[in-house]
Amino acid sequence: MTWFEDMAIGERRELGSYLFTPEEIVRYASAFDPQPFHLSDEEAAKTHFGRLCASGWHTGSVWMKLMVAHIQAECERLGTPSRLGPSPGFTDLKWIRPVFAGDTITYSSTLLEKREMRTRPQWGLAIHGNEGVNQDGVTVFSFTGKVLVARRPETHDTDG
């Protein structure tokens, strides 16, 4: 994982794709979002969605799963620890289009902005635009995320 200083604005990470199966949609919804249009095709047919669709929270959870896997793989490839810290949150969460059973969503994250932090000089704030796009090229999910990233430690010349 790179240091905050090494991150480049506009850098895009392809996180991977995920197929939303009917079984997984129902399993997730049964545990976390038991609305009728997430629980059965029959009930979904009676709603404005018309057919079984995934919870928006499910689409977000998959983004997180793929992001963590991407970071772990990058750390293994580079032989470095993760330099990510806590996240102070996100904004602009949008469930733009329904994710239906059988849809494959491809997720990505693009670095939009970097900010140095006066109150925490050992950290920088990275702001990413994140999205999910279905198999037809339609954006179905997006949000702006923020995460603290470790800054490269200052080295001090000890030779006198």
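In the predicted model, Trp63 makes contacts, beyond its neighbours within four places in sequence, with Leu15, Tyr107, Ser108, Asn130, Phe141 and Phe143. Trp63 also belongs to the largest nonpolar core, a set of 19 residues in which Phe20, Trp63 and Tyr107 have the most contacts. Two or more residues of this core are given by each of the elements β1 (12-19), α4 (56-78), β3 (104-116) and β5 (139-150). Helix α4 supplies the largest share, with 6 residues. A further core of 6 residues lies apart from this one and includes Phe4, Leu111, Val147 and Val149. In soluble globular proteins, nonpolar side chains tend to be buried together.

These cores are set within a chain whose secondary structure consists of 4 helices and 5 strands. The order of elements along the sequence is β-α-α-α-α-β-β-β-β. Among contacts in the chain with a separation of 6 or more, 70% join residues that are 24 or more positions apart. The contacts of Trp63 with Phe141 and Phe143 may be read alongside this figure.

With regard to overall dimensions, the C-alpha trace spans about 80 × 30 × 30 Å along its principal axes. The radius of gyration of the chain is 19 Å, whereas a value near 15 Å would apply to a compact globule of 160 residues. Of the 160 residues in the chain, 38% are buried. The area exposed by the chain comes to about 9300 Å², of which carbon and sulfur atoms supply 54%. The chain carries 17 positive and 21 negative charges, and the mean positions of the two sets are 4 Å apart.

A local feature of the backbone concerns Asp92. This residue is located in strand β2, which comprises residues 89-95. The phi angle of Asp92 is near 60 degrees, a positive value in a residue other than glycine. Most residues other than glycine have a negative phi. Asp92 has a relative accessible area of 49% and is therefore classed as partly exposed, since the exposed class requires a value over 50%.

Key:
Residues are numbered from 1 along each chain as its sequence is written. Side-chain values use heavy atoms; hydrogens and water are left out. The radius of gyration is taken over C-alpha atoms; the globule rule is 2.2 Å times the number of residues to the power 0.38. Buried means under 20% relative accessible area, exposed over 50%, partly exposed in between (1.4 Å probe, protein chains only). Contact means heavy atoms within 4.5 Å. Accessible areas come from the Shrake-Rupley method with a 1.4 Å probe; for residues, only the protein chains shown count as cover. Lys and Arg count as positive and Asp and Glu as negative; His and the chain ends are not counted. The place of a charge is taken as NZ of Lys, CZ of Arg, CG of Asp or CD of Glu. A nonpolar core is a set of buried Ala, Val, Leu, Ile, Met, Phe, Trp, Tyr and Cys residues joined through side-chain atoms within 4.5 Å.
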